[in-house]
Amino acid sequence: MASELDQEVARRRTFAIISHPDAGKTTLTEKLLLYGGAIHLAGSVKARRASRHATSDWMELEKQRGISVTSSVLQFPYRGHAVNLLDTPGHQDFSEDTYRTLAAADAAVMLIDAAKGVEPQTKKLFKVCRMRGIPIFTFVNKLDRFGRAPLELMDELEQVLGLRAYPMNWPIGMGPEFRGVYDRQHKVVHVFSAEGRHGESEVAERSVPLDSDEIHSVLNERELATLKEEIELLDIGGDEFTREKVTSGQLTPMFFGSAMTNFGVRPFLDAFLELAPPPTSRPTKEGPREPTYPKFSGFVFKIQANMDPAHRDRIAFMRVVSGRYVKGMTAFHSRLGKDVRLAKPSQFLAAERTAIEDAWPGDVIGLFDPGMFRIGDTLAEGEDLLFESVPRFSPEYFAIVRSKDPLRRKQMEKGLEQLSEEGTVQIFQQLGMGMKDPIVGVVGALQFEVLQFRVEHEYGARIMLDRLPFSHARWVVGPNFDPKTFDWEGNRQTVQDRDGLPLVLFRDDWALQHAEEKHPELKFLSAAPQL
Ligand code: G4P
């Protein structure tokens, strides 16, 4: 008989949703929770949305926290599975947080607005998933409105992302005439009831085999003829479905629906949980660590401080990779080279933080962090293990940070350090005499506002940011590299990251290309080299 560990691994699914803002991620998340029985009435996640659109509201970061933190990880049971949905920050801008969350996921759901197709943020996030080679499932949303033709969307995935799609189901109608979906595998039509269109509760549906007489009582002749024609097209011209192609991320199973009305949510969830992989192994220098390895190991992929302003606590989010985590256990912290006690774990279910007793591979736990964790840290029971670290990505916006109040410089530095450990910003040191003010780099420009706001409200230090004209940062490595090679010039500047590694900031593509051509002996890396 399979061990408890084997069983717990087999039933887990850990994934993240990637999308462009407004595609419906909040709505879909809410509906998945609704179907998982984790919330009873959809609408409870909605407060998030309300506070998000207006910047002034958004800047009330405690509200924002209510968003990205309480929902950092949502665990819910569904038909025997334990589902972990890793939430990526929902705001309009982009941050490294999103990238890193993907490092902890075993699969991604790419959510696409049927009218808009593949949008810029989806593209960026897709690239990260590609890099990791994780399976990607596509949910085409908002079918209750008129959008692009399904075949056109399939084509777009291929043209824009180089990704072949296999429609698992096919929509019947669109806009007000969106009636249901046809399940290609089971050859069954699911028609949804138009009652209760607001989707507060599970939608009523009827499942009818396509080649039964009953089908004529649910679809009219025109609907039936169109459906049959389109399916024939897919069957003849489409890709062959294989699990291997899905697992390796080459073929995306595609689903259609409307998160708002719940149409198609259950068929998606059922098929997704069936096809998505259980927790996967993670690479270490000594080879992959399998989830069923009996001893506990995990890595930190996200740190969040001051979640509760009353307590000023700091939480390190750790993904369990192997074995069983038991509350209060001791594990070896490879960067610090010592055993540490993993105290106060918590898990996040919808809006509550619940204390947990144990956790299994694929689960994410929030560890109380007295300041000993960094993103990428590995923890393992009784051994010195190192998972390949979560990459740090090249920022695209830069500014010099100046203190508005010289007497509070220490507080400013503390705040900057904290936010850099959380990964909100990256901090660079200028080289050269008298260049004391740090430079910050961010992946999305909105992070500058977050930085300014949080340093002021959490550390009581007011800062000014002088934007710099750079748009690329490259870690430079190569034999005998001398940082002076790239002494300050109008279009570039050499700096150091917090580990003392040299980087060069470039103004634009041209400046970067010029340096690359002039120094073929050097490598210009867009992610920090592993130490
Ligand atoms: P996001 O987290 O990806 O940014 O998207 P979110 O769920 O907040 O949805 C963005 C907007 O799209 C919301 O409208 C939401 O109601 C709508 N939406 C989500 N799914 C569907 C769908 O399946 N069909 C249709 N027609 N709309 C959908 P809003 O006007 O910004 O907010 P609200 O007034 O509805 O709350």
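These are notes on the ligand shell, one helix and one strand of a predicted model.

1. The ligand shell. There are 17 residues around the ligand, and those that come nearest are G24, K25, T26, T27 and M260. By class, the shell divides into seven polar, six charged and four nonpolar residues. Among the elements that supply it, helix 2 (residues 25-35) gives the most, with three residues.

2. Helix 10. This helix covers residues 221-237, 17 residues in total. From its first C-alpha to its last it reaches 24 Å, which is close to the 24 Å expected at 1.5 Å a residue. The number of buried residues in helix 10 is one of 17, so the helix lies largely in the open.

3. Burial of strand 11. Strand 11 (residues 251-256) is mostly covered, with six of its six residues buried. Its side chains split between two directions: L251, P253 and F255 point one way, whereas T252, M254 and F256 point the other way. Residues of both sets are buried.

4. Strand 11 and strand 5. Strand 5 (residues 136-141) runs parallel to strand 11, and three bridges join the two. In this pairing V140 stands opposite F256 of strand 11; F256 is one of the buried residues listed above.

5. Strand 11 and strand 6. Strand 6 (residues 164-167) also pairs with strand 11 in the parallel sense, here over four bridges. R164 stands opposite L251 in strand 11, and L251 is likewise buried.

Terms used: Residues are numbered from 1 along each chain as its sequence is written. This is a predicted model: local features need pLDDT of at least 70, side-chain atom pairs count only at pLDDT 80 or more; totals for chains, interfaces and linings use all residues. A residue is near a molecule or strand if its C-beta atom, placed from the backbone, lies within 6 Å of it. Ala, Val, Leu, Ile, Met, Phe, Trp, Tyr, Cys and Pro count as nonpolar, Asp, Glu, Lys and Arg as charged, and the others, Gly among them, as polar. The expected span of a helix is 1.5 Å times one less than its number of residues. A residue is buried if 20 or more other C-beta atoms lie within 10 Å of its own, exposed if 12 or fewer, and partly exposed in between; C-beta atoms are placed from the backbone. Two strands pair if DSSP finds at least two bridges between them.
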